[in-house]
Amino acid sequence: MKPSTTHITICRRCNARICWALTTANGRRQPVDAEPTAAGNLAVMQGPDGVLYVRSVTAARPDIRPGEWQAMPHHATCKAPPPRRSARTPERTTVGVRPVPWQR
Ligand SMILES: [Zn+2]
C-alpha cells in the first residue's frame with residue numbers, strides 16, 4: 001500500500017514529500033515520509049473516515065496488516081529539523097506553580 005496523493009504534502013522545512021497522520025495511541029498529528037519503506041518503524045493506514053492513522057511497529061505487533069504500509073517518521077529523516085526547544089528556553093521548574101500574592 002501507499003498513501004493516496006491527496007494525503008501527500010510538502011515539508012515546509014526540507015521540501016520532502018510527507019503525509020500527516022494521527023497516532024492511534026493518542027490522536028496526535030505526526031508527519032511521516034510519503035514514500036513507504038520496509039525500514040520504517042511505523043505502520044500507516046487510511047481509516048474508513050479517509051484520515052491516515054499511524055501506529056508504531058513494535059516487537060509485540062511486528063506484522064503489517066492488509067491496508068497498512070511501513071513508513072519512517074519524518075522527524076527521523078527531515079534534513080532541516082526544528083531547533084531543539086530546550087536550547088532556546090531552558091526548562092522551567094516552576095511550571096504549574098503560580099505564586100499567589102499574600103492577602104490580608
Ligand atoms: Zn522535513
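**Close-ups of a predicted model**

**View 1. Asn-15, out in the open.** Asn-15 is exposed, since its C-beta has 10 others within 10 Å. The structure shown here, like every view below, is a predicted model. Asn-15 belongs to the loop that links strand S1 (8–10) to strand S2 (17–23). Its backbone deserves a glance: phi is positive, about 65°, even though Asn-15 is not a glycine. For background, most residues other than glycine have a negative phi.

**View 2. The whole chain, before zooming in further.** Two helices and six strands make up the secondary structure of the protein. Going along the sequence, the order is β-β-β-β-β-β-α-α. There are 104 residues in the protein, and 15% of them are buried. Of the contacts with a separation of 6 or more, 57% are between residues 24 or more positions apart.

**View 3. The S1–S2 hairpin.** S1 and S2 run antiparallel and are joined by three bridges. One pair to look for is Ile-10, which stands opposite Arg-17 in S2. Six residues sit between the two strands of this hairpin, and Asn-15 is the turn residue with the positive phi of about 65°.

**View 4. Cys-14 and what it touches.** Right beside Asn-15 in the numbering, Cys-14 is also in the loop between S1 and S2. How exposed is Cys-14? Cys-14 counts as partly exposed, because it has 13 C-beta neighbours inside 10 Å. Set aside the neighbours within four places in sequence, and the contacts of Cys-14 are Cys-78, Lys-79 and Ala-80. Thr-77 is 63 residues away from Cys-14 along the chain, yet their C-alpha atoms are separated by 9.7 Å.

**View 5. S2 and its other partners.** Besides S1, strand S2 pairs with strand S3 (residues 29–33), antiparallel and over five bridges. Leu-22 has Arg-29 as its bridge partner in S3. S2 and S3 form a hairpin too, with five residues between them, and Gly-27 in the turn has a positive phi of about 70°. S2 also pairs with strand S5 (residues 52–56), this time in the parallel sense over two bridges. Here, Thr-23 is partnered by Val-54 in S5.

**View 6. The S4–S5 hairpin.** Strand S4 and S5 run antiparallel, with five bridges joining them. Gln-46 stands opposite Leu-52 in S5. The hairpin has five residues between its strands, and Gly-50 takes a positive phi near 85°.

**View 7. The largest nonpolar core.** This core has 10 residues: Ile-18, Cys-19, Ala-21, Val-32, Ala-34, Leu-42, Ala-43, Val-44, Val-54 and Ala-71. Which elements give two or more residues to the core? They are S2 and strand S4 (42–46).

**View 8. Leu-42, a core residue up close.** Leu-42 lies in strand S4. Is Leu-42 buried or exposed? Leu-42 is buried, because 23 other C-beta atoms lie within 10 Å. Leaving out neighbours within four places in sequence, Leu-42 is in contact with Val-32, Val-54, Arg-55, Ser-56, Val-57, Gln-70, Ala-71, Met-72 and Pro-73. Pro-73 is 31 residues from Leu-42 along the chain, while their C-alpha atoms are separated by 7.0 Å.

**View 9. Ala-71, seen from its contacts.** Ala-71 is another member of the largest nonpolar core. Beyond its neighbours within four places in sequence, Ala-71 is in contact with Val-32, Asp-33, Pro-36, Thr-37, Gly-40, Leu-42 and Val-44. Among them, Val-32, Leu-42 and Val-44 are also listed in that core.

**View 10. How far to trust the coordinates.** The average pLDDT of the protein is 88, and 88% of the residues score at least 70. Among the elements, S2 has the highest mean pLDDT (97), whereas helix H2 (residues 85–88) has the lowest (61). Where pLDDT is low, the predicted coordinates should not be read in detail.

Methods
Residues are numbered from 1 along each chain as its sequence is written. This is a predicted model: local features need pLDDT of at least 70, side-chain atom pairs count only at pLDDT 80 or more; totals for chains, interfaces and linings use all residues. Helices (H or I, at least four residues) and strands (E, at least two) are DSSP runs, numbered from the N terminus. A residue is buried if 20 or more other C-beta atoms lie within 10 Å of its own, exposed if 12 or fewer, and partly exposed in between; C-beta atoms are placed from the backbone. Two residues are in contact if their C-beta atoms, placed from the backbone, lie within 7 Å. A nonpolar core is a set of buried Ala, Val, Leu, Ile, Met, Phe, Trp, Tyr and Cys residues joined through C-beta atoms within 7 Å. Two strands pair if DSSP finds at least two bridges between them. pLDDT is the predictor's confidence in each residue, from 0 to 100.
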